[in-house]
Amino acid sequence: MIPTRIRGRRTKRRPGTFDPNDAHRVKHTRIGVWDLYQERQTDLPPIPGSSRLETYAQIIQSMPYVIRMLKDILSIRRCWILLSAFLVVEVLNSLVPAVSLWYSGQLLRLVETAIETRTVDTTVLIHVAAGRMACTIASRILQYAKSRISFPLNMSIKQFYAGHIFRSMARLDVPTFEDSITQRQLQSAWTAPWGSSVAWGTVQMATGIVMTVIRLISQLSVLFAVLREQQDGPLLAVLSFSQSLFTWYSARKSVFNSLVWAATTSDEDYIRMQGLKHLVNDPPHRKELVAGNLGEYITTQFCEASQRVGDDAGDFHELSRAHSIKDSLSIASILREPLRELPQIVFTLRAVQKPMTIPLSLASLTLINQTATSFSSTLFALFGESFSLGEQFAEVRKLYEIENVPNKVVDGKEPFPENQQSLRSGISVEFKNVSFQYPGAEKYALQNVSFKIGAGQLCVIVGGNGSGKSTILKLISRIYDPTEGTILIDNRDLKTLKLADLRSTLSILFQDYTHFPLSISENIALGNPALAHDADKVREAARLGGADAFIDRLPEGFDTYLDRPVRDYYSDLPEGTKTLFGRTVDYSRVRGAGGLSGSEASGLSGGQMQRLAVSRTFMRSLSSETESSVGMLLFDEPSASLDPTAEHDLFERLRKLRGSKTMIFSSHRFGNLTRHADLILYMDDSAVQEEGTHDDLLKRGGEYARIWNLQAKAFI
Ligand SMILES: Nc1ncnc2c1ncn2[C@@H]1O[C@H](COP(=O)(O)OP(=O)(O)OP(=O)(O)O)[C@@H](O)[C@H]1O
């Protein structure tokens with residue numbers, strides 16, 4: 001059990017080490033996918049709160065989505081049983097205060113009879129007193145049952161919606177994903193408070209409000225019936241209500257503490273899920289995700305991993321909270337409530353013994369006092385909840401609307417290519433008066449650009465920084481659409497072609513390539529999801545990309561995670577603890593803070609990173625099974641971080657392996673590549689200034705020739 005006792009002080013750092021394997025001093029607990037190690041006799045700090053989501057919309061507008069959400073929740077396995085049980089427990093729970101009040105009224109009546117007639121029915125007295133006690137115990141047990149049912153219900157709902165959101169996000173293109181409105185929408189759907197889901201929060205809030213109303217009405221009816229004939233009732237009620245308000249306010253204060261504990265997970269599927277989540281969530285990966293047609297594959301992978309892990313796949317703090325709830329039904333906690341009631345029972349019994357000396361109004365006071373405490377806090381909760389209901393329903397609407405966010409790059413209808421075999425001899429591409437502005441940018445990245453690259457040609461685009469080279473490659477792969485002009489692929493308008501078909505015929509290495517927070521093997525394999533499980537192909541691609549040698553030197557080889565997407569948790573470790581769970585302890589992090597951290601340093605050089613990216617491209621374009629599915633290879637500065645030998649080797653391999661497919665390079669460097677090019681486009685100021693072969697351009701004596709001579713002289 002994780003103790004949750006709250007203490008208002010921080011423990012002092014002390015010398016020594018924290019060794020999770022020291023069974024004498026450290027206790028191990030398994031919580032879902034997490035292993036928690038606690039120094040004995042220490043507590044886990046409570047989890048800090050999180051902010052409310054900002055939304056403003058009408059309940060009516062969101063109602064169809066709320067109904068759909070309910071249908072979805074009921075369709076989840078086990079959920080309708082859990083939800084029914086949850087509702088039954090909630091209804092019973094909200095009726096308990098009224099029943100309890102009724103018993104108190106009966107006690108009052110007994111006192112009244114005792115004063116008037118000097119007699120008491122002992123059997124009824126015992127019956128009523130026992131009933132009153134049973135109510136408090138029932139209330140505690142119902143609360144426990146509620147927590148136990150809520151947890152699996154929440155987890156199932158959360159898993160369901162994680163898949164839903166993941167799918168909605170994976171299908172978005174770059175301009176839509178970069179759009180700030182879409183970003184906000186995704187953010188609110190993905191990051192719910194306390195790791196719970198919007199859907200579960202809505203269920204809780206809606207049932208909470210209904211139950212609060214039931215509780216208030218039943219309490220009020222019973223109180224009215226009981227106090228009908230009592231004098232001084234209103235005055236006593238006002239006094240009691242102000243007292244209970246004060247109690248309610250002061251009970252809200254809490255303090256945090258920090259003690260020695262650490263938690264880690266070694267669940268492969270959970271770690272991978274977090275990696276995939278980053279992949280779909282982080283903007284730097286979006287281009288490759290879109291161009292690589294990875295959406296469907298990673299969604300399947302995520303859902304499969306999610307299914308394998310099941311409900312254990314939770315954030316550490318969330319699971320630990322549930323774990324502490326599970327163990328919180330102690331004898332002391334059951335007795336606490338009855339003990340609080342004891343004074344009233346004792347008072348009543350005394351009233352029975354000496355009816356003449358105790359004024360009846362004192363008994364009424366106790367009753368009203370007690371009711372007021374629960375009544376006022378319930379009423380306040382109701383106010384708070386009804387204010388947020390509209391907001392919460394709007395969250396549900398957003399949750400469903402993200403699956404309908406239209407992509408800005410509109411899909412074409414025509415299949416491509418007509419003949420798969422034709423890809424072997426490459427694809428032609430033509431720009432006709434193309435101009436392009438990045439969303440939100442004032443300047444044109446391309447202005448009135450026209451050129452034609454024939455099928456099977458090797459084209460090199462050269463030019464200074466910001467001249468528009470990368471933009472040409474992004475437009476060919478429809479990461480963006482031109483603002484003006486037309487692009488033809490094999491003489492067909494690019495926009496009419498099915499996006500998935502088009503992208504599967506292209507293999508692109510972006511200049512600002514990213515690495516996914518997954519294993520090295522998967523980083524390469526995602527170049528071609530169809531062959532992702534073929535370890536030999538992955539190794540071959542790594543060899544062609546010049547990455548196999550350094551990967552083999554890594555302790556975990558191809559299984560190495562470049563960025564471990566799941567962090568370890570620890571708090572107040574003794575200073576001597578340099579490593580934990582085989583990894584370096586990072587003291588700079590806020591200790592015990594929840595959520596996903598930034599990435600761990602991968603320790604690879606820029607050149608090694610680039611080799612990995614090139615390997616991914618090889619995986620896509622040069623595996624024999626898929627040879628015919630790629631007809632054009634696009635490389636944006638593939639050798640920027642490579643040393644001269646590695647660059648030379650890479651170009652040789654690329655030239656040999658491309659066969660007769662079209663290949664386009666973007667480069668700053670003039671030389672090795674440009675001399676072999678069928679076509680050179682020299683770009684400057686967002687436009688193509690010169691075009692032709694190396695010899696043509698040298699003869700022409702323009703800017704290309706000038707820069708070539710400049711570079712050649714530098715090596716003399
Ligand atoms: N995502 C973007 N949003 C806004 N402007 C952009 C974006 N990407 C590029 N630009 C701008 O568009 C212009 C062309 O950029 P592009 O990346 O095509 O140039 P480049 O020739 O590839 O440059 P480099 O050689 O430095 O890679 C530049 O002015 C650049 O600042």
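## A helical stretch from the record

Let's start with residues 79-103: the chain there is 100% helix and 0% strand, and the C-alpha atoms at the two ends sit 36 Å apart. Helices here are DSSP runs of H or I with at least four residues, strands are E runs of at least two, and both are numbered from the N terminus. UniProt, in an unreviewed entry, places the feature "transmembrane region" at residues 79-103. UniProt positions follow the numbering used here, feature names are shortened, and annotations may be inferred rather than shown by experiment.

Some ground rules before going on. This is a predicted model, where local features need pLDDT of at least 70 and side-chain atom pairs count only at pLDDT 80 or more, while totals for chains, interfaces and linings use all residues. Numbering runs from 1 along each chain as its sequence is written, and side-chain values use heavy atoms, with hydrogens and water left out.

## The whole protein

The secondary structure adds up to 23 helices and 16 strands. Of the 716 residues, 51% are buried (buried is under 20% relative accessible area, exposed is over 50%, partly exposed is in between, with a 1.4 Å probe and protein chains only). About 33,600 Å² is exposed, and carbon and sulfur atoms supply 56% of that; the areas come from the Shrake-Rupley method with a 1.4 Å probe, and for residues only the protein chains shown count as cover.

Among contacts (heavy atoms within 4.5 Å) with a separation of 6 or more, 81% involve residues 24 or more positions apart.

## Two nonpolar cores

The largest nonpolar core has 119 residues, and Ile-298 and Ile-524 have the most contacts inside it. Helix 3 (residues 122-170) gives the most to this core, with 14 residues. A core here is a set of buried Ala, Val, Leu, Ile, Met, Phe, Trp, Tyr and Cys residues joined through side-chain atoms within 4.5 Å.

What does Ile-298 touch, leaving out residues up to four places away in sequence? Its partners are Phe-166, Leu-276, Leu-279, Val-280, Leu-289 and Leu-526. There's also a second, separate core of 37 residues, which includes Val-290, Phe-416, Ile-489 and Leu-502.

## Salt bridges

The whole structure has 14 salt bridges, each a side-chain nitrogen of Lys or Arg within 4 Å of a carboxyl oxygen of Asp or Glu. One of them pairs Glu-401 with Arg-397 at 3.3 Å, N to O. These two are about one helical turn apart because they lie four residues apart in helix 13 (residues 360-401). Glu-401 is partly exposed at 26% relative accessible area, while Arg-397 is buried at 16%.

Another pair, Arg-492 and Glu-418, meets at 3.7 Å, N to O. This one links distant parts of the chain, 74 residues apart: Arg-492 is in strand 8 (residues 492-493), and Glu-418 is in the loop between helix 13 and strand 4 (429-436). Arg-492 is buried, at 18% relative accessible area, whereas Glu-418 is exposed, at 72%. Then there's Arg-539 with Asp-552, at 3.0 Å, N to O. That pair bridges helix 17 (residues 535-544), home of Arg-539, and helix 18 (residues 548-553), home of Asp-552, with the two positions 13 residues apart. Both ends count as partly exposed: Arg-539 at 37% relative accessibility and Asp-552 at 43%. Elsewhere, salt bridges with shared partners join Glu-414, Glu-418 and Arg-492 into one network.
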